[in-house]
2 protein chains.
Amino acid sequence: MRLFGILGDPIDAVRSPDFYNAEFARRGLDAVFLPLLVRAEDLAMAWRGLTHVANFDGLVLTMPHKRAVVPLLDEIGPTARLTDAVNTARRLPDGRWEGEMFDGEGFLGGLRAAGHDPAGRTVLLVGAGGAGRAIAFALAGAGVLALDIADADGGSASSLANAIGGAFPDCTTRAVDPDPGPHSVVVNATPMGMRANDPLPFDTARLAAGTVVADVVPNPEVTPLLAAARDRGCPIVTGQQMFEAQAALAMGFLGLAEPR
Amino acid sequence: MRLFGILGDPIDAVRSPDFYNAEFARRGLDAVFLPLLVRAEDLAMAWRGLTHVANFDGLVLTMPHKRAVVPLLDEIGPTARLTDAVNTARRLPDGRWEGEMFDGEGFLGGLRAAGHDPAGRTVLLVGAGGAGRAIAFALAGAGVLALDIADADGGSASSLANAIGGAFPDCTTRAVDPDPGPHSVVVNATPMGMRANDPLPFDTARLAAGTVVADVVPNPEVTPLLAAARDRGCPIVTGQQMFEAQAALAMGFLGLAEPR
């Protein structure tokens, strides 16, 4: 039996196990995808252990591990190198482990599947963690005109804005407060919304009608932020749409693409 | 989801995943039991890693890990201490891990379920590894008159005979060649019989009719040794019978006993 899993804390709300296990069942694969509850301080030890179980063939990372896992990998792919974050890792034929980051391309896939091309737009990104970094690089690569980045840790926002500015000189980037007013696309890349009593990641009263609001939180499918945005007449893109596009890319990387 | 697994090499033929998962399904538990392929040289790293995944609640050990895992545990139970081997480990409420050994009691359970009481008998035990040690202590504790122990590594056989002699002075023990002739119970506690082209663990032409022949190998259910013994008119006890008695004890230790 081939084993796969997702490492995170919390782990109860993640969608990957149901998604992958339904695929495995549909295709008759002798494989299982597990939710693996790993605390931040236990990542290095858990990682080394899981990668020494010879039938673990792939591991997916979610909060809070996407950046912390990078130094534990033997190889990292080009997007992981750019973003300094990894969301999917695979065992190579020689036993070493390679990681790559699909959150950014997955986000773009969800945005485009919902009918929104980010090229030429002004975007506010709230959250400069692992997912936020991946989304920022993907948006800049997709040709957004201006990218404003907000994070409770202002240093993270500035550092990400500088990195984007260095890699994509045509994209105007800066660290800002999370004010959605002047943007045509607003993205929540923080975990706020996973728990019922989380505050909203920004003041939705400042949203202009017509601003596209996207949320990386996949569960609940319509987060309180997306519900408030929809009430104001804003088009929304769910974390579930991003998740499905991301998972399709990750499955290909894990050697689980559907045979044609 | 609660995670359980069995560590071994090879792992394909183990029965525990099907047994436990059928129990979990029957009882509607949100839990899964996994086959974990761990090489001997990777045990320490895999062990530390798996025990740092917070929803792994129990781990079962099979070849070649039953003795090697002992120094990795925080606590060991009385039978594990006696046999210096562990087949089942659980996470304690404070996060430490405790191991215990149920192979010996499981073996006795299978033997008794098949109608054979070992008290007062003369027994040949072939194989002085983790399972063999556990069975030796259990047989001595159950009152066998004489216990002859054979192992390809004569030192292991002598060392186990000495340990039994020290703990159970009323049981006559010695290291011997594997000749079943003069015994009323013969036990295979080696892995021979797991693979189709394995040699038999001893010369079945020397078996007396009426000698009870027991095998720890659970798969195939009737091993070549048991088939040969049955052809000679010997009563047999299968590894599956031992496995079921052992697994019932291990499930209780893991907190998975059926509610009454």
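Q: Hi! Why do the two copies meet through the same surface?
A: Good place to start. In this predicted model, 100% of the interface residues of chain B are also interface residues in chain A, so the copies meet through the same surface.

Q: Okay, and how many residues of chain B are in contact with chain A?
A: On chain B there are 20 residues in contact, and they meet 20 residues of chain A.

Q: Which elements of chain B supply at least two residues each there?
A: Two of them do: β2 (31–37) and α2 (43–50) of chain B. The largest share comes from α2(B), with six residues.

Q: What's that side like by class?
A: The side of chain B that touches chain A has 14 nonpolar residues, along with three polar and three charged ones.

Q: How are the two copies related?
A: A turn of 180 degrees, with a shift of 0.0 Å along the axis, lays chain B on chain A with an RMSD of 0.0 Å. The copies are thus related as by a two-fold rotation axis.

Q: Which residue of chain B comes closest to the rotation axis?
A: That would be B:Gly49, whose C-alpha is 1.8 Å from the axis.

Q: Switching to the sheet in chain B. What's the strand order?
A: Six strands of chain B form an open sheet, and the order is β2-β1-β3-β5-β6-β4. The pairing in this sheet is mixed.

Q: What does mixed refer to? I'm new to this.
A: It's about strand direction. Strands of a sheet pair through backbone hydrogen bonds, either parallel or antiparallel. For a parallel case, look at β1 (residues 2–8) and β3 (residues 56–61) of chain B, which are joined by five bridges. Within that pair you can find B:Ile6 opposite B:Val60 in β3(B).

Q: And which strands stand at the edges?
A: β2 and β4 (75–76) of chain B do. Each has a single partner strand, so one side of each is left without a neighbour in the sheet.

Q: Where does helix α1 of chain B lie?
A: Helix α1 (residues 16–26) of chain B lies across β1, β2 and β3 of chain B, and runs at about 170 degrees to β2(B).

Q: Let's go over to chain A. Which strand pairs there are antiparallel?
A: Here are two. Strand β3 (residues 56–61) of chain A runs antiparallel to strand β5 (residues 88–91) of chain A, with three bridges joining them. In that pair, A:Leu59 stands opposite A:Ala89 in β5(A). β5(A) also pairs in the antiparallel sense with strand β6 (residues 97–100) of chain A, over four bridges. A:Arg91 has A:Trp97 in β6(A) as its bridge partner.

Q: What's in the hairpin of β5(A) and β6(A)?
A: There are five residues between the strands, and A:Gly95 takes a positive phi near 95 degrees in this hairpin.

Q: How is chain A divided into domains?
A: Domain 1 is 2–101 and domain 2 is 104–242. Their centres, taken over C-alpha atoms, are 25 Å apart. Eleven residues of domain 1 of chain A are in contact with eleven residues of domain 2 of chain A. On the domain 1 side, these are five nonpolar, two polar and four charged.

Q: Last one! At what angle do helices α4 and α5 of chain A pack?
A: α4 (residues 103–113) and α5 (residues 130–141) of chain A pack at about 65 degrees, with their axes 7 Å apart. The crossing is right-handed. Among the residues that meet are A:Phe107 and A:Leu108 in α4(A), and A:Ile135 and A:Phe137 in α5(A). By class, the residues of this contact are seven nonpolar, one polar and two charged.

Notes:
Residues numbered from 1 in each chain as written. Chains lettered and ligands numbered in written order. Predicted model: local features only at pLDDT ≥ 70, side-chain atom pairs only at ≥ 80, totals over all residues. Contact = placed C-beta atoms within 7 Å. Nonpolar A, V, L, I, M, F, W, Y, C, P; charged D, E, K, R; others polar. Least-squares fit on C-alpha atoms with pLDDT ≥ 70 in both. Pairing = 2+ DSSP bridges. Axes fitted to C-alpha atoms, helices over the stretch in contact; angles between N-to-C directions. Left-handed = near helix turned anticlockwise from the far one by under 90°. Domains from an automatic or database assignment.
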